[in-house]
Amino acid sequence: MSASSTFTKENLDFYLRELGKEYRKRSGGVRAEMILIGGASVLVNYGFREMTTDIDVIYAAPSVMKESIRAVGDRLGLPHGWLNTDFMRTDSYTPGLVQHSTYYKTFANVLEVRTVRAEYLLAMKLVSGRRYKKDMSDIVGILLEQSRMNQPLTYEQIDKAMTELYGDWSRVDDYIKKFLADVLDAPDLEVMFQKQSEEELAAKEVLLEIEQRYPQRLPKGKVGEIIAAALEKKNAGGKE
């Protein structure tokens, strides 16, 4: 991934501004709304995330938006899919997210960008729950920064968000539920954030090793279990 396709808090607004200008030119000034999801939403709301490699969004706009996204990507040398709606095909997606978004900024007077409110963003991360991505450290980081802002999230708030978005907790596996309980009870979230970030790096390295050694597609829904087992063996001095 090149530096030009790494999105940070500093350059994200630039790319969105360029998209707004391109969309305004192609649409004739028709207004559009876009909701930042996942890592991009974390970036604009918190300081613990340094970057994301793509921008996940929800938007309902004319097809000219896709053309505008492609044009900006081509002009600025960004990879295909630099801004995408792939998230809408995952288990974490629900139409209810639109109702729980909050205003961020308007670009080029036509593109209104929104983000996801804290407890609903946390609920999304709990459903996603990938141990080899940044979902787990994002959960800790969100809770840590909410506490620093004197706006701590309680289990009751998270439970309400989970119920409103997904109906219940059935999409969250038991490991993630226990992880959340441990985070909420943790005496030092900063230490826990650092530890989780290190574990995610180790998990990512193990996943790359497994993919290189066994190039066939890993069973869907079993990646977390495979990584956990591999890490346990590795930490014990064995081999995957």
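Helices are DSSP runs of H or I with at least four residues, numbered from the N terminus; Glu190 has its place in one of them, helix H8 (residues 189-213). The model shown in these views is a predicted one.

**Figure 1. Glu190 in helix H8 reaches back to residues far earlier in the chain.**
Here we look at Glu190, which belongs to H8, the helix of residues 189-213. With a relative accessible area of 48%, Glu190 falls between the 20% and 50% limits and therefore counts as partly exposed. Setting aside residues up to four places away in sequence, Glu190 touches Leu144 and Arg148. Glu145 is 45 residues from Glu190 in sequence, yet their C-alpha atoms are 9.5 Å apart in space.

**Figure 2. The chain as a whole, for orientation.**
Before the next close-ups, it helps to have the overall layout in mind. The chain contains 9 helices and 5 strands, and along the sequence they follow the pattern α-β-α-β-α-β-β-β-α-α-α-α-α-α. Of its 240 residues, 48% count as buried. Take the contacts between residues at least 6 apart in sequence: 71% of them join residues at least 24 apart. The accessible surface comes to about 12,700 Å², and carbon and sulfur atoms account for 49% of that area.

**Figure 3. The largest nonpolar core draws on several helices and a strand.**
This core has 38 residues, and those with the most contacts inside it are Ile37, Leu97, Val116, Met124, Leu126, Leu143 and Met162. At least two residues each come from strand S1 (32-37), helix H4 (118-128), helix H5 (135-148), helix H6 (155-166), helix H7 (174-185) and H8. The most generous of the contributors is H4, with 8 residues. Leu126 is a good place to zoom in: beyond residues up to four places away in sequence, its contacts include Ile139, Ile158, Met162 and Trp169, along with Val172, Ile176 and Leu180. A separate core of 26 residues lies apart from this one, and Leu16, Met34, Tyr59 and Ala108 are among its members.

**Figure 4. Gly129 sits in the loop between H4 and H5.**
The loop that holds Gly129 lies between H4 and H5. Is this glycine buried or exposed? Gly129 has 13% relative accessibility, under the 20% limit, so Gly129 counts as buried. Leaving out neighbours within four places in sequence, Gly129 is in contact with Asp135, Met136 and Ile176. Arg171 is 42 residues away along the chain, and the C-alpha atoms of Gly129 and Arg171 are separated by 9.9 Å.

**Figure 5. Strands S4 and S5 form an antiparallel hairpin.**
Strand S4 (residues 101-107) and strand S5 (residues 111-116) run antiparallel and are joined by 6 bridges. Follow the pairing to Ser101, and you will find Val116 of S5 opposite. The hairpin has 3 residues between the strands, and there Ala108 takes a positive phi near 55 degrees.

**Figure 6. Aromatic rings pair up, and an arginine lies over one of the tyrosines.**
A search of the whole structure turns up 8 aromatic pairs. One of these, Phe87 with Tyr93, is edge-to-face, with 6.0 Å from centre to centre and 90 degrees between the planes. Phe87 counts as buried, at 9% relative accessibility. Elsewhere, ring pairs link Phe7, Phe14, Tyr15 and Trp82 into a cluster. For a charge over a ring, turn to Arg131, which lies over the face of Tyr175 at 3.7 Å from the ring centre.

Notes:
Residues are numbered from 1 along each chain as its sequence is written. This is a predicted model: local features need pLDDT of at least 70, side-chain atom pairs count only at pLDDT 80 or more; totals for chains, interfaces and linings use all residues. Side-chain values use heavy atoms; hydrogens and water are left out. Rings of Phe, Tyr and Trp (its six-membered ring) pair if their centres lie within 6.5 Å; planes under 30 degrees apart count as stacked, over 60 as edge-to-face and the rest as tilted. Buried means under 20% relative accessible area, exposed over 50%, partly exposed in between (1.4 Å probe, protein chains only). A charge sits over a ring if NZ of Lys or CZ of Arg is within 6 Å of the ring centre and within 35 degrees of the ring normal. Contact means heavy atoms within 4.5 Å. Accessible areas come from the Shrake-Rupley method with a 1.4 Å probe; for residues, only the protein chains shown count as cover. Two strands pair if DSSP finds at least two bridges between them. A nonpolar core is a set of buried Ala, Val, Leu, Ile, Met, Phe, Trp, Tyr and Cys residues joined through side-chain atoms within 4.5 Å.
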